[in-house]
Amino acid sequence: MPRDPLSDTLALIDARCVVSGGFTAGGTWGLRFWPQAQLKLVAVARGSLWLSVDEGPEPVLLRTGDVAVVNGWRQVVLADDPQSENADLTEAFTSSETGVISVAEGEEVAVVGGHVEVNRMGEELLLAVLPQITCIRAVAEEAHAIGWLLQRILREMTTNPPGSSFVAHQHAQLLLAEVFRAYLADVTSLPVGWLRVIAEPGLGPALRAMHADPGRDWSLAELARLATMSRTTFIDRFKATAGVPPMTYLQQWRIRLAERELGTSTTSVTDLAAALGYKSNSAFSTAFKAATGLSPRHFREAQLALRS
């Protein structure tokens, strides 16, 4: 299949969704928890509830099929009503064999909880650009897929058939992809940066070309032609959307790829420099050190030390 920038970036930051548990509830109920990961997902498979965060904005109402993405909050409260009493049920979740607990009598509400794990690069690229609270509503175009995935994940967690852990994990990765597709569906709601430029249809052909062949000696004229724009219009629109000019974006992407290779492979610096379009080792080393503060060799040594 052809390469696409979202897939490339999610792979680069090693983004993965982990389903951490779920619960059912009915009547009057409330619970609070302290997310262990910075990026938390709260997905409503059935019913409705209110979501609140510590010292944050007003409570948010979530209904069947809605997914809330909570970024960076220390404490999250879910309840049938913002005024309801809530309890810390961390121990109950931990001791549950299936990861699904009953918060109160009744099963009018069913919720799947999870979090997104990323590597160090992902913390810079992803967590810094996402809002503190985002709601992907069931009315979104991606809602059908999200709703189906939620029901499947909940079923795997509650019935525990053979292979349930593996299947739930695979569905969780699809859920993560659909959540990001929902983000990208509304370009105007995204902050200036890599997510917004990925979502901009007019820039798509040029962006895909850069990602497909980052080592090519691209010219602005070539990229503008792919975007069917004049050179000036292309540069202006790209900068307004990505926050940096096209060639700066390409340079930054090359450095990100270099960081991954240096940290995970034994590819020589010479081969890596050539693959990424640098004319010499010294040109690559200079660009890499300017971006990261370390030479390629010292960066690789630091990454090996972290893993040992």
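A crossing of two helices is left-handed if the near helix is turned anticlockwise from the far one by less than a right angle, and right-handed if clockwise. I put this at the top of my notebook for the helix entries. The model I am reading is a predicted one.

**Entry 1: α1 and α10**

I began with helix α1, residues 5-12, and its passage by α10. Their axes come within 11 Å and cross at roughly 40 degrees. Angles under 35 degrees would count as roughly parallel and 65 to 115 as roughly perpendicular, so I wrote down α1 as oblique to α10. The crossing of the two is left-handed. I then looked up who makes the contact: α1 supplies D8, T9 and L12, while α10 supplies W253, R256, L257 and R260.

**Entry 2: α10 and α13**

Next I followed α10, which spans residues 246-264, to α13, residues 296-307. Here the axes come within 8 Å, with a crossing angle of roughly 55 degrees. That angle makes α10 oblique to α13. I noted a right-handed crossing for this pair. On the α10 side I listed E259, E261, L262, G263 and T264, which meet P296, F299, R300, Q303 and R307 of α13.

**Entry 3: a closer look at E259**

Is E259 of α10 buried or exposed? I found a relative accessible area of 7%, and since buried means under 20%, E259 counts as buried. I also wanted its company beyond the neighbours within four places in sequence. E259 is in contact with R120, M121, F288, T292 and F299. F299 also appears in my list for α13 in the previous entry.

**Entry 4: the nonpolar cores**

How many residues does the largest nonpolar core have? I read off 74, and those with the most contacts inside this core are L126, F180, M210, F234, F238 and F284. Helix α5, residues 164-185, gives the largest share of this core, with eight residues. There is also a second, separate core of 22 residues, and V42, L49, A68 and V70 are among its members. A reminder to myself: in soluble globular proteins, nonpolar side chains tend to be buried together.

I picked F284 for a contact list, again leaving aside neighbours within four places in sequence. F284 touches A258, V269, L272, A273, L276, Y278 and P296. P296 is a residue I had already met in α13, facing α10.

**Entry 5: the sheet**

Five strands form an open sheet, and I traced their order as β5-β4-β7-β2-β8, with mixed pairing. Which strands stand at the edges? They are β5 (60-63) and β8 (87-88); each has a single partner strand, so one side of each is left without a neighbour in the sheet.

I walked through the pairs from the β5 end. β4, residues 48-53, is joined to β5 by four bridges, and the two run antiparallel. One bridge partner I looked up was L62 in β5, which pairs with L49. L49 had come up before, in the second core. The hairpin of β4 and β5 has six residues between the strands, and E55 there takes a positive phi near 50 degrees.

Then came β4 and β7, also antiparallel with four bridges. In this pair L51 stands opposite L78 of β7. On to β2, residues 30-33, which four bridges join to β7, residues 76-79, in an antiparallel run. There I found F33 opposite V76.

How values were computed. Residues are numbered from 1 along each chain as its sequence is written. This is a predicted model: local features need pLDDT of at least 70, side-chain atom pairs count only at pLDDT 80 or more; totals for chains, interfaces and linings use all residues. Side-chain values use heavy atoms; hydrogens and water are left out. A nonpolar core is a set of buried Ala, Val, Leu, Ile, Met, Phe, Trp, Tyr and Cys residues joined through side-chain atoms within 4.5 Å. Buried means under 20% relative accessible area, exposed over 50%, partly exposed in between (1.4 Å probe, protein chains only). Contact means heavy atoms within 4.5 Å. Two strands pair if DSSP finds at least two bridges between them. Axes are lines fitted to C-alpha atoms, for helices over the stretch in contact, and angles run from 0 to 180 degrees between N-to-C directions. Angles under 35 degrees count as roughly parallel, over 145 as roughly antiparallel, 65 to 115 as roughly perpendicular and the rest as oblique.
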